[in-house]
Amino acid sequence: MNTRRKLLLNAFKLFDLGLMILAFMTAALAVVHQSRTITAVELFSMRVKIHNVAIFALLVFVWHAIFSLLGLYESRRLSNFWGEIAGVVKASSLGTLVILISAAIFRIVLVTRIFLVVFWVVSMCAIVATRLILRVTLAVIRKRGRNLRHVLIVGSGNRAVEFARWLVARPELGYRISGFADQNWNGMDAFQRSGHSLACDLDGLALFLRTNVVDEVVLALPFRSMHDQASRIATICEEQGITVRVLTHIFDLKLAHSSMQELEDDALITHCRGWAEGWPIFIKRMLDFTISSILLVLFVPVLVLAAVLIKLTSPGPVLFAQKRLGLNKRCFNVYKFRTMVADAEKRLHELEHLNQVSGPVFKVWNDPRITPIGKFLRKTSIDELPQLFNVLKGDMSLVGPRPLPVRDYEGFSKDWQRRRLSVKPGITCLWQVRGRSSIPFEEWMDLDLQYIDKWSLWLDFQILVQTIPAVLRGSGAA
């Protein structure tokens, strides 16, 4: 890193800390304005106490560490702006959480709910605004020919040409293509027809790097057949201190998202089609735990009444536990109120010829094994309430594909259907709110994959809201 960039980066870090301190003071003034218990004089007198200064210095240090660990000071030239915004939201949220924890430990009277809300909003908005201003400013500078990076693309296939077009279409990124490097191959005519030409061949690449301005090299070679060449080129770039980037579509996967993590002595490229661990997944789990806890408390009378009615109307246990498959085929016991006779599982083979739904799942309308009270519990979905304990344990989520019995899973005939197991199962889902048992098996699987592919916290909220009228209608319950 050159001296100029290092100075600018340090100034940027100090500016961010200044914004966090400004947000802290704004939140403090909001508390003073809202509450008469703390005066402005008392507020500023708190700042000069050694104890408070030490705590505040610790907060500043932790804020800096959070911003650095979340990669907010790494080069963002090629990153998506929304990705940077997500990083800022995470940093501001964690910074607010640190204040909350510090207030609990050191008994800071100043930190109230108003304080936390104002601090979070002001810090987040201020830092997002500065990031936006910085991006706009850099875009203008780069379009005028300043702050440029010269890149050599190694390869001349479709991926290399498409990447070059992508860079040319985004002058705000500040990249200038120094040329292409490759050896002669069958697709060279198509490459030349695209209007490009080679700056050098692979044997002359080292000399080209020695005698031309090249800041970065992008490897777009077919790794399966040219791994040794690519490795040699990466070594040459390393020797000359030139940044190497690699187009990672090695396996030509259509759905998986790629990410990279640094190990001690290596880098790990990850291709993931499920939900990667992150802030939204953490929030989903926290909401699952909180909402299921509240619902269990609210529904205590219903749970007790259902248990009593089951015990009084049919012999056998109150709860029914069955092995189901969860996240990545983890086996767990799902809990439901018993709605069938006690030996229902043993009698299943007697009714299999009456199955009225498609696919490997089993369902019979007016199943003779269902008890009278069980029919009511199923119609109202009260039988599903004990699954809130599964949510508390972490085996399930409030929203997600329904967990299937091992027997049903073994009847799957296509691997794409198994992708529904790449996320935690749930109590309710798209299938649940759109008709349940009245939906054919293939459409049910499609709905589960739609949910996985389009998942967001907002989608979970929509499904939870839509579950209420679906339950009241009793649609598709069997």
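These exercises work through the sheets, salt bridges and burial of one predicted model.

Residues are numbered from 1 along each chain as its sequence is written, and side-chain values use heavy atoms, without hydrogens and water. The model is predicted, so local features need pLDDT of at least 70 and side-chain atom pairs count only at pLDDT 80 or more, while totals for chains, interfaces and linings use all residues.

**Exercise 1. Chain overview**

Task: State how many helices and strands the protein chain has, and what share of its residues is buried.

Solution.
- Start with the secondary structure. The protein chain has 18 helices and twelve strands. These are DSSP runs, numbered from the N terminus: helices are H or I with at least four residues, strands are E with at least two.
- Turn to burial. Of 478 residues, 40% count as buried. Buried means under 20% relative accessible area, exposed over 50%, and partly exposed in between, with a 1.4 Å probe and protein chains only.
- Check the contacts, defined as heavy atoms within 4.5 Å. Among contacts in the protein chain with a separation of 6 or more, 70% join residues 24 or more positions apart.

**Exercise 2. The parallel sheet**

Task: Give the strand order of the five-stranded sheet, then find its edges.

Solution.
- Read the order: 3-2-1-4-5, in an open sheet with parallel pairing. Two strands pair if DSSP finds at least two bridges between them.
- Find the edges. Strand 3 (198-200) and strand 5 (243-246) each pair on one side only.
- Add the twist. Neighbouring strands of this sheet are turned by 40 degrees against each other on average, direction ignored. Axes are lines fitted to C-alpha atoms, for helices over the stretch in contact, and angles run from 0 to 180 degrees between N-to-C directions.
- Zoom in on one pair. Strand 1 (residues 149-154) and strand 4 (residues 216-219) run parallel and are joined by four bridges. V154 stands opposite L219 of strand 4.
- Place the helix. Helix 9 (residues 223-240) lies across strand 1, strand 4 and strand 5, at about 170 degrees to strand 4.

**Exercise 3. The antiparallel sheet**

Task: Work out which strands stand at the edges of the three-stranded sheet.

Solution.
- Take the order: 9-8-11, an open sheet with antiparallel pairing.
- Strand 9 (331-337) and strand 11 (404-405) each have a single partner strand, so one side of each lacks a neighbour in the sheet.
- Count the bridges. Strand 8 (residues 319-325) and strand 9 pair over seven bridges. One partner pair is A321 with Y335 in strand 9.

**Exercise 4. The surroundings of R131**

Task: Locate R131, decide whether R131 is buried or exposed, and list its partners.

Solution.
- R131 is found in helix 5 (residues 113-143).
- R131 has a relative accessible area of 1%, so R131 is buried.
- Its side chain makes a polar contact of 3.1 Å with that of E84. A polar contact is a pair of N or O atoms within 3.5 Å; within protein, one must be able to donate a hydrogen and the other to accept it, and residues adjacent in sequence count only if both atoms are side-chain atoms.
- Leaving out residues up to four places away in sequence, R131 touches F12, D16, F67, L72, Y73, F81, E84 and V88.
- A network of salt bridges links D16, E84, R131 and R135. A salt bridge is a side-chain nitrogen of Lys or Arg within 4 Å of a carboxyl oxygen of Asp or Glu.

**Exercise 5. Three salt bridges**

Task: Describe the distance, placement and burial of the pairs E162 with R165, K284 with D460, and K414 with E442.

Solution.
- Begin with the total: the count comes to 16 salt bridges.
- E162 and R165 have their closest N and O atoms 2.7 Å apart. Both lie in helix 6 (residues 158-168), three residues apart, about one turn of the helix. E162 is partly exposed at 47%, and R165 is partly exposed at 44%.
- For K284 and D460 the closest N and O atoms are 2.5 Å apart. K284 lies in helix 10 (residues 279-298) and D460 in helix 18 (residues 457-473), so this pair ties together parts 176 residues apart in sequence. K284 is buried at 8%, as is D460 at 7%.
- K414 and E442 meet at 4.0 Å, N to O. K414 sits in the loop between helix 15 (406-409) and strand 12 (426-428), and E442 in helix 17 (residues 441-453), 28 residues apart. K414 is partly exposed at 37%, and E442 is partly exposed at 35%.

**Exercise 6. Cysteines**

Task: Give the number of disulfides, then classify C237 and C331 by accessibility.

Solution.
- The structure holds zero disulfides, a disulfide being a pair of cysteine sulfur atoms within 2.5 Å.
- C237 is buried, at 0% relative accessible area.
- C331 is partly exposed, at 48% relative accessibility.
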